[in-house]
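Here is a short briefing on a predicted model. Helix packing comes first, then the surface, then charge pairs.

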Amino acid sequence: MDASPEPQKSPRLSQVQILALFLRAGLAFGGGLGILAVLEEELVRRRRLVSHEEFLTDYALGRIVPSGTMTALAVAFGYRLGGPLGTVTALVGLVLPAFTCAVGLTIAYGAVSRARLLDWMPVTLLPAALAFIVAAALRMSREVTRRPGLPLALAVAAFAAAFAARVNPALVLLAGGAAGVLLLRRDDGEDRP
């Protein structure tokens, strides 16, 4: 008789904890990758609520669905950590900082739109934002580059397809996922007696 392991129960957080976690992520500088870095730090490294593989899987699925990737992650992790109400709480926590900042920046821009201060933005704020995005991408890639072989080969092929060939990222993710499943299934079959 096959003794399959019991499915692990998803950890639960209170609605206040979910709100605080996603408010913190929503305040991350650098947009989507900044938010992604905060979520990975909180969920995978600090709180150990999900594994790195689960996090990357949810991220990949979030890239495919027809919404913003961070919105999809808020829905996925909000539901996983707090059920349907957790989904709403995570979305509010993620969107509230961006909404507040957008309204405030719109008002501020209207007040200083003719000031010389804005001439400095391309050489001050934009490079800082780029640094945060690159740091988040490097942190996410550590797991793939640690294990040479199939994961690294798929990552290089996906990068080449998306960057050099300009293939739609959703198609790259679907093709990479399909290739990974087919190749890993073959590897698993060969390892078994």
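**Helix packing**

In this predicted model, helix α2 (residues 32–46) packs against helix α4 (residues 69–112) at an angle of about 30°, and their axes lie 9 Å apart. Angles under 35 degrees count as roughly parallel, so α2 and α4 are roughly parallel to each other.

- On the α2 side, the contact is made by Gly32, Ile35, Leu36, Leu39 and Leu43.
- On the α4 side, Met70, Leu73, Phe77, Leu81 and Leu94 make the contact.
- What is the character of the residues in the contact of α2 with α4? Nine are nonpolar, one is polar and none is charged.
- Gly counts as polar here.

**Nonpolar surface**

- A nonpolar patch of about 810 Å² lies on the surface.
- Its residues are Leu19, Leu85, Val88, Val92, Val95, Leu96, Phe99, Val103 and Ile107.
- Which helix gives the largest share of the nonpolar patch? The answer is α4, with eight residues.
- Leucine 96, one of the patch residues, sits in helix α4.
- Helix α4 thus appears in two settings: it packs with α2, and it supplies the largest share of the nonpolar patch.

**Salt bridges**

- The model has six salt bridges.
- One salt bridge joins glutamate 41 and arginine 45.
- The closest N and O atoms of glutamate 41 and arginine 45 are 4.0 Å apart.
- Glutamate 41 and arginine 45 are four residues apart in helix α2, so about one helical turn separates them.

Notes
Residues numbered from 1 in each chain as written. Predicted model: local features only at pLDDT ≥ 70, side-chain atom pairs only at ≥ 80, totals over all residues. Heavy atoms only, no water. Axes fitted to C-alpha atoms, helices over the stretch in contact; angles between N-to-C directions. Parallel < 35°, antiparallel > 145°, perpendicular 65-115°, else oblique. Contact = heavy atoms within 4.5 Å. Patch = residues over 30% accessible without salt bridge, like charges linked within 9 Å, V, L, I, M, F, W, Y side chains within 5 Å. Areas by Shrake-Rupley, 256 points an atom, 1.4 Å probe, with all protein chains shown as cover. Salt bridge = Lys/Arg side-chain N within 4 Å of Asp/Glu carboxyl O.
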